[in-house]
Amino acid sequence: MWERLIVLGMFYQRVEECIQTKNIEEIPRQIGVFTHLIEEGSLREELANIPIRYQVQMDLTKRISDERVVLGGVNNPRYMECFSAMLHGIHCHDGVAIDTMAEHHTAAFSTYYQPFMEEHEYILENYLVNYAYKNMFPFGSHPGVYDNYVIMIVHYAMIKLHLIGMAGFHQGLTTELVIKLIQSFSKTVEHNTLFVRNIFKLLKDNQYTSMAYISILVKN
């Protein structure tokens, strides 16, 4: 799924360029170009060369999660149970270095999260499909189609971070835990427009919205 999400971002980046340059008639051709690239598999080598940097993923997702709590995540007990389990699962506490948290994150990912998701990744795919329909993606709360893609990726990355931490804390995942997280996360995060605006500003201010950075954030 991470491959498809990155290709989707590359496509919407091209579409955004067409819109900004008032070259709308180019969009159908871009659809054809990307369809061809996907069918022939020529992007796989390029995607395989994207580095996996868990420290970068941890840094951004921790900032995002901290922002969520500041804006009132404590109002949802079910979400806060998941949030607390995530923090304990990756040893995210005051004074703990990002590198140390990344080590626990990597261990939880490979030992508990990845084996579960190899058979249950459809749950996250269903979440993204539902997100797309519910938010009229890519025409969401931001004016640009690429900006709306970035916001969707932020939600996906946060859910993945929570689940990896929860997997480490519970020493495994179940469909019930995943559903609990997604339902409570959606109610707590997606419905808070102030949170979404603040996170987008955080990304823009730190130049985290480029496709190069988003690719690192998405890749397992």
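Which exposed residues does the face of helix 2 turned away from its buried side carry? In this predicted model, that face carries Pro28 and Glu39, and the rest of helix 2 is a good place to begin a walk through the structure.

On the other side of the picture stand Ile27, Gln30 and Phe34, which are buried in helix 2. Seen down the axis of the helix, the buried residues fall within an arc of 50 degrees, so they line one face of helix 2. A general property of helices helps here: an α-helix has 3.6 residues a turn, so residues three or four places apart point the same way. The buried residues of helix 2 pack against helix 1. As for length, the 14 residues of helix 2 should span 20 Å at 1.5 Å a residue, and this agrees with its end C-alpha atoms, which are 20 Å apart. Helix 2 is followed by Gly41, which has a positive phi, near 70 degrees.

Helix 1, the partner in that packing, has 19 residues and reaches 27 Å from its first C-alpha to its last, close to the 27 Å expected at 1.5 Å a residue. Its buried residues include Trp2, Leu5, Ile6, Val7, Phe11 and Tyr12, and Glu16 is also one of them. The cover over the buried residues of helix 1 includes helix 2, helix 3, helix 7, helix 8 and helix 11, the last of these spanning residues 211-218.

Helix 1 also has a part in the largest pocket, where about 540 Å³ of space lies. This pocket is lined by 22 residues, and those nearest its centre are Glu3, Arg4, Leu5, Val7 and Leu8. The elements that give two or more residues to its lining are helix 1, helix 2, helix 3 and helix 7, and the largest share, seven residues, comes from helix 1. By class, the lining of the largest pocket divides into 17 nonpolar residues, one polar and four charged.

The second largest pocket holds about 270 Å³ of space. Of the 14 residues that line it, Tyr131, Asn135, Ser141, Ile151 and Val196 are the closest to its centre, while helix 8 (145-170) and helix 10 (193-205) are the elements that give two or more residues to its lining. The lining of the second largest pocket has four nonpolar, eight polar and two charged residues.

The loops bring some details of the backbone into view. Most residues other than glycine have a negative phi, and most peptide bonds are trans. Against that background, Lys22, in the loop between helix 1 and helix 2, has a positive phi near 55 degrees although it is a residue other than glycine; Lys22 is exposed, with a relative accessible area of 73%. Gln171, found in the loop between helix 8 and helix 9, likewise has a positive phi near 55 degrees, and Gln171 is exposed, with a relative accessible area of 59%. In the loop between helix 7 and helix 8 lies Pro138, and the peptide bond that leads from Phe137 to Pro138 is cis, with omega near 10 degrees.

A last stop is Gln183, which has its place in helix 9, residues 175-190. Gln183 is partly exposed, with a relative accessible area of 42%. Between Gln183 and Arg78 there is a separation of 105 residues in sequence, yet the two are 9.1 Å apart in space, C-alpha to C-alpha.

Methods
Residues are numbered from 1 along each chain as its sequence is written. This is a predicted model: local features need pLDDT of at least 70, side-chain atom pairs count only at pLDDT 80 or more; totals for chains, interfaces and linings use all residues. Side-chain values use heavy atoms; hydrogens and water are left out. Helices (H or I, at least four residues) and strands (E, at least two) are DSSP runs, numbered from the N terminus. Buried means under 20% relative accessible area, exposed over 50%, partly exposed in between (1.4 Å probe, protein chains only). On a 1 Å grid over the protein atoms alone, a cavity is a set of points where a 1.4 Å probe fits but cannot get out, and a pocket is an open set with protein on both sides within 12 Å along at least five of seven lines; lining residues have an atom within 4 Å of a point. Grid points are joined across faces, edges and corners, and a volume is the space filled by probe spheres set on the points. Ala, Val, Leu, Ile, Met, Phe, Trp, Tyr, Cys and Pro count as nonpolar, Asp, Glu, Lys and Arg as charged, and the others, Gly among them, as polar. The expected span of a helix is 1.5 Å times one less than its number of residues. The arc is that of the directions from the helix axis to the C-beta atoms. Contact means heavy atoms within 4.5 Å.
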